[in-house]
Amino acid sequence: MLPWRRAAVGVVLLAAVLGLCVHFDATEERRWDSPTEDELAADYDAHVGERALLFGTVERIDRDAGTATVRVEHDGGEFTIRLRSVRADVAPGGLVQAYGRLGPGRTMTVSETVVVERDGGAALYKYAVSLVGAVGILALFFRRWRVDVATLSFVPREGETVTSGPTADEAGGADDA
């Protein structure tokens, strides 16, 4: 394939990936199976009885009653919701993910609660592990392959050949007759 055709194919593929990313971002809320924070802020009563996943900061907690008041942020501001059946060990100021059924009067009966650690080390760990993995994969790839700028392609490194099957000797010997 000619270099300009390879470059054109590369540009088309990059444009397709970019278009898919934009489409994914534009339609993300339609693929979400529970109401978003913005939808709840706009019309909470329309979603009573539905299941929802909310992220919020705990303002108050009543361990005896098993309830917590959580502040949920959305694009236009914030609202509070009272969570029932909270069994998570969280203190005021903690961040929680709550999944459950919405009730009247901005309440939610929680079926599962997860406490999100605000530790900045978790994000650093995630990015560091991803970086080490990416560097490892690239090192393995470029150990055997190199970029040929003239043809805009990857070629095996000098002195090495890439084989996809057994050699003639391994397959039963060459027929030199």
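## Aromatic pairs

In this predicted model, the count of aromatic pairs comes to four. One of them is Phe141 with Trp145, a stacked pair whose ring centres are 6.3 Å apart, with 10° between the planes. Those two values are the usual way to describe such a contact, since a pair of aromatic rings is described by the distance of the centres and the angle of the planes. The label "stacked" follows because planes under 30 degrees apart count that way.

How exposed are the two partners? Phe141 has 32% relative accessibility, so it counts as partly exposed. Trp145, with a relative accessible area of 26%, is partly exposed as well. Both rings also belong to one aromatic cluster, made up of Phe141, Phe142, Trp145 and Phe154.

## Charges over rings

Two cationic side chains are worth a look here. Arg106 lies over the face of Phe79, 4.8 Å from the ring centre. Lys126 does something similar with Tyr127, lying over the ring face at 5.0 Å from its centre.

Arg106 has a backbone quirk too: its phi is positive, about 55°, although the residue is not a glycine. You'll find Arg106 in the loop between E4 and E5. Its relative accessibility is 28%, so Arg106 counts as partly exposed.

## The overall layout

Zooming out, the protein chain holds three helices and seven strands. Reading from the N terminus, the order is α-α-β-β-β-β-β-α-β-β. Of the chain's 177 residues, 21% count as buried.

The accessible surface comes to about 12,800 Å², and carbon and sulfur atoms own 58% of that. As for contacts with a sequence separation of 6 or more, 46% are between residues 24 or more positions apart.

## How the strands pair

Start with E1 (51-62). It pairs with E2 in the antiparallel sense over five bridges, and Ile61 stands opposite Ala68 of E2. The hairpin of E1 and E2 has four residues between the strands, and Gly66 there takes a positive phi near 70°. E1 also runs antiparallel to E4, joined to it by seven bridges. Within that pairing, Leu53 has Tyr99 of E4 as its bridge partner.

Next come E2 (residues 67-74) and E3 (residues 77-84), which are antiparallel and share eight bridges. Thr69 faces Arg82 of E3 across this pairing. A hairpin with two residues links E2 to E3. In which sense do E3 and E5 pair? They are parallel, with three bridges between E3 and E5 (residues 107-116). Leu83 has Met108 of E5 as its bridge partner.

## The nonpolar core

The largest nonpolar core has 19 residues, and the members touching the most others are Val70, Ile81, Leu83, Leu102 and Met108. Strands E1, E2, E3, E4 (95-103) and E5 each give two or more residues to this core. As background, in soluble globular proteins, nonpolar side chains tend to be buried together.

Leu83 and Met108 turn up twice, then: as bridge partners and among the best-connected core members. Val70 is a handy residue to click on if you want to see the surroundings. Leaving aside neighbours within four places in sequence, Val70 contacts Gly56, Thr57, Val58, Glu59, Phe79, Thr80, Ile81, Leu83 and Val96. One of those contacts, Phe79, is the ring that Arg106 lies over.

## Two more residues to check

Ser85 lies in the loop between E3 and E4. Although Ser85 is not a glycine, its phi is positive, about 65°. With a relative accessible area of 35%, Ser85 is partly exposed.

Is Glu112 buried or exposed? Glu112, found in strand E5, has a relative accessible area of 51%, so it is exposed, the cut-off being over 50%. Even so, Glu112 has contacts from elsewhere in the sequence: not counting residues up to four places away, it touches Gln97, Ala98 and Tyr99. Tyr99 is also the bridge partner of Leu53. Finally, the C-alpha atoms of Glu112 and Gly100 are 6.8 Å apart, with the two residues 12 positions apart in sequence.

Conventions:
Residues are numbered from 1 along each chain as its sequence is written. This is a predicted model: local features need pLDDT of at least 70, side-chain atom pairs count only at pLDDT 80 or more; totals for chains, interfaces and linings use all residues. Side-chain values use heavy atoms; hydrogens and water are left out. Two strands pair if DSSP finds at least two bridges between them. Rings of Phe, Tyr and Trp (its six-membered ring) pair if their centres lie within 6.5 Å; planes under 30 degrees apart count as stacked, over 60 as edge-to-face and the rest as tilted. Buried means under 20% relative accessible area, exposed over 50%, partly exposed in between (1.4 Å probe, protein chains only). A charge sits over a ring if NZ of Lys or CZ of Arg is within 6 Å of the ring centre and within 35 degrees of the ring normal. A nonpolar core is a set of buried Ala, Val, Leu, Ile, Met, Phe, Trp, Tyr and Cys residues joined through side-chain atoms within 4.5 Å. Contact means heavy atoms within 4.5 Å. Accessible areas come from the Shrake-Rupley method with a 1.4 Å probe; for residues, only the protein chains shown count as cover.
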